[in-house]
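Got a minute to walk through this one together? Have a look first, then we'll take it question by question.

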Amino acid sequence: MTTARTLGRPPLVLLVPAALAAALLVLPLVSLVLDTPWATFLDRLGSREVGEALRLTAVASGATVVACVLLGTPLAWLLARVDFRGRAVLRAAVTVPLVLPPVVAGVALVTALGRTGVLGPLLREGGVSLPYTTPAVVIAHTFVSMPFYVLSVEGAMRSAGERYDVVAATLGASRWTTFRRVTLPLAMPGVLAGAVLAWARSLGEFGATITFAGNYPGTTQTMPSLIYTTLQADPEVARTLSMILLLASVAILAALRNRWLTTP
Amino acid sequence: MADHAVSGLDARVYVEGRLDAALTAQAGQVVAVIGPNGAGKTTLLRALAGLVQMSGSVRVAGESWTEPPRLVRDRGLGYVFQDQSLFPHLTALDNVAFGPRARGVRRRDAEATARAWLDRLGVGDLSSRRPGELSGGQAQRVAIARALATRPALLLLDEPFAGLDVGVATALRLELARHLADYPGVALLVTHDAIDALTLADRVVVLDRGRVAQEGTPQDVAARPRTDHVARLVGLNVLREGEVLRSFSPRAVTVSLHRPEGSARHQWHGVVLSAAPHGDAVRLLVSGEHELLADVTPAAAGELGLAPGRQVWLSVKETAVQAYAAD
């Protein structure tokens with residue numbers, strides 16, 4: 001920028017910490033790329049263990065996005081459009097998982113849905129046992145991902161404004177019709193961004209999952225859990241697996257760039 | 001109850017702290033609602049639409065909208081908003097078809113209705129455009145088509161010409177007059193512009209500080225304004241002396257730098273607040289005991305140095321003053 005240049009050189013007191021921050025963020029990733037045993041990359045990618053973990057990760061993150069869209073969209077609408085007692089409290093509660101340490105989220109899920117949990121007896125009566133199953137993985141992922149989705153969609157619905165809902169009502173539309181034909185289409189950028197965020201969060205989910213669903217190959221072992229397990233035994237494999245996830249993350253970032261990151 | 005209450009509009013609207021107004025109109029009538037900013041014009045429309053909390057009663061076409069309270073969507077109304085508020089993600093056609101479809105008309109029929117309305121408003125060739133690709137005048141035409149396409153019993157127009165270029169507004173005003181003449185329901189038109197009231201309305205309601213200050217035919221209200229605001233709108237000076245109102249045209253005012261000779265009862269001293277071209281004259285706003293308008297020729301304005309801040313005397317002949325009861 002020419003204007004910035006005429007204002008003088010950037011001061012060292014800002015440049016040095018900025019360089020350190022950049023190094024901290026970039027170096028580990030560069031090392032990972034350099035240290036990845038590329039020669040065996042494809043072999044590892046084709047191994048049964050990795051295949052299962054990849055499949056499970058894809059299934060879990062896909063199912064998580066579907067759960068977020070189906071359940072989170074109505075919740076976002078409720079928070080954005082309906083005035084009810086306790087709305088502020090509910091919104092705060094929805095955001096808690098954002099800052100909750102994932103392990104704590106896992107413990108909370110066990111406490112609620114575990115065999116001896118609050119809802120455990122109820123689930124047992126229905127013949128359902130959740131912990132250490134693939135559905136438990138999806139539940140854990142949804143628990144940690146939903147806040148990203150809900151906040152994104154609620155924000156989009158708020159910024160689109162209630163104005164068009166009012167217009168739709170004067171034209172005779174019911175609230176469901178208004179939601180379907182006006183509110184949701186106008187909030188679509190937020191829905192897409194929220195879905196991608198939720199997917200990214202689900203992709204990296206580890207703490208809540210391993211606590212609530214465990215780490216069983218084929219049923220609950222997702223990529224992050226596999227990486228964690230492998231790192232103890234074979235760091236080289238762990239690096240390969242990490243590289244795979246890194247590539248996936250970068251792909252998401254590229255997809256997001258236009259939609260989300262560039263909009264202020 | 002009188003006939004018009006059955007087929008038209010009969011409303012008594014009370015909005016806490018903002019509005020206390022009674023309003024009746026016959027089906028087919030166009031009522032202009034004028035008044036200064038904050039007089040409650042938009043509040044009145046929003047209350048009738050059910051968008052603000054009100055007490056009182058609203059009856060439209062023989063049905064009560066207030067007992068029991070009716071949801072906005074169940075009132076048969078059309079609302080043309082000041083900023084058009086077209087759905088930005090829908091084409092002009094889908095915007096207009098939205099109302100009929102929301103009321104259960106099949107898609108194909110709703111689109112046919114929408115097409116017909118867009119044609120009637122002269123924007124049929126723009127049906128596949130989105131609002132972002134329309135000019136202000138075109139968007140307002142689509143908005144009017146959208147409001148009329150549901151065949152509302154009550155049509156509410158909130159400053160439909162605000163923000164449009166003068167030429168566009170004039171053309172649209174003429175067309176709207178035509179459509180309103182065909183429109184079988186009651187139309188309420190909120191406007192800032194005396195021309196709208198005079199050319200479009202059968203009756204004029206003047207709101208001032210949340211109350212009806214005057215009601216009558218446009219001609220009557222224009223000739224005998226009871227509020228300063230309307231006097232300004234129609235370009236008259238109005239003075240209140242007890243129970244008598246006196247109005248006179250700015251053209252009838254004589255401006256001089258010294259106290260006029262003679263017996264003239266109507267003379268005032270004041271300071272020029274503003275001077276602006278008005279037609280082929282210069283219109284002065286003079287502030288003294290009253291705020292008065294006076295038109296002078298540009299030559300006189302130059303000769304007398306009539307710039308803001310100038311002390312002047314105004315006088316008007318008794319024969320140029322019209323007096324009427326304030327009742």
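**Where the chains meet**

14 residues of chain A are in contact with 15 residues of chain B (contact: C-beta atoms, placed from the backbone, within 7 Å). This is a predicted model, where local features need pLDDT of at least 70, side-chain atom pairs count only at pLDDT 80 or more, and totals for chains, interfaces and linings use all residues. Residues are numbered from 1 along each chain as its sequence is written, with chains lettered from A and ligands numbered from 1 in the order in which they are written.

Q: Which element gives the largest share of the side of chain A that touches chain B?
A: Two helices, α9 (163–170) and α10 (175–186), each supply at least two residues there (helices: DSSP runs of H or I, at least four residues, numbered from the N terminus). The largest share, six residues, comes from α9(A).

Q: Which domains of chain B does the largest nonpolar core lie between?
A: A nonpolar core is a set of buried Ala, Val, Leu, Ile, Met, Phe, Trp, Tyr and Cys residues joined through C-beta atoms within 7 Å; buried means 20 or more other C-beta atoms within 10 Å of a residue's own. The largest one has 153 residues, and helix α8 (residues 134–160) of chain A gives the most, 16. Both domains of chain B (bounds from an automatic or database assignment) give residues to this core, so it lies between domain 1 (3–225) and domain 2 (235–325).

Q: How far apart are the C-alpha centres of domain 1 and domain 2 of chain B?
A: Chain B is assigned domain 1 (3–225) and domain 2 (235–325). Their C-alpha centres lie apart by 38 Å.

Methods:
A residue is buried if 20 or more other C-beta atoms lie within 10 Å of its own, exposed if 12 or fewer, and partly exposed in between; C-beta atoms are placed from the backbone. Two residues are in contact if their C-beta atoms, placed from the backbone, lie within 7 Å.
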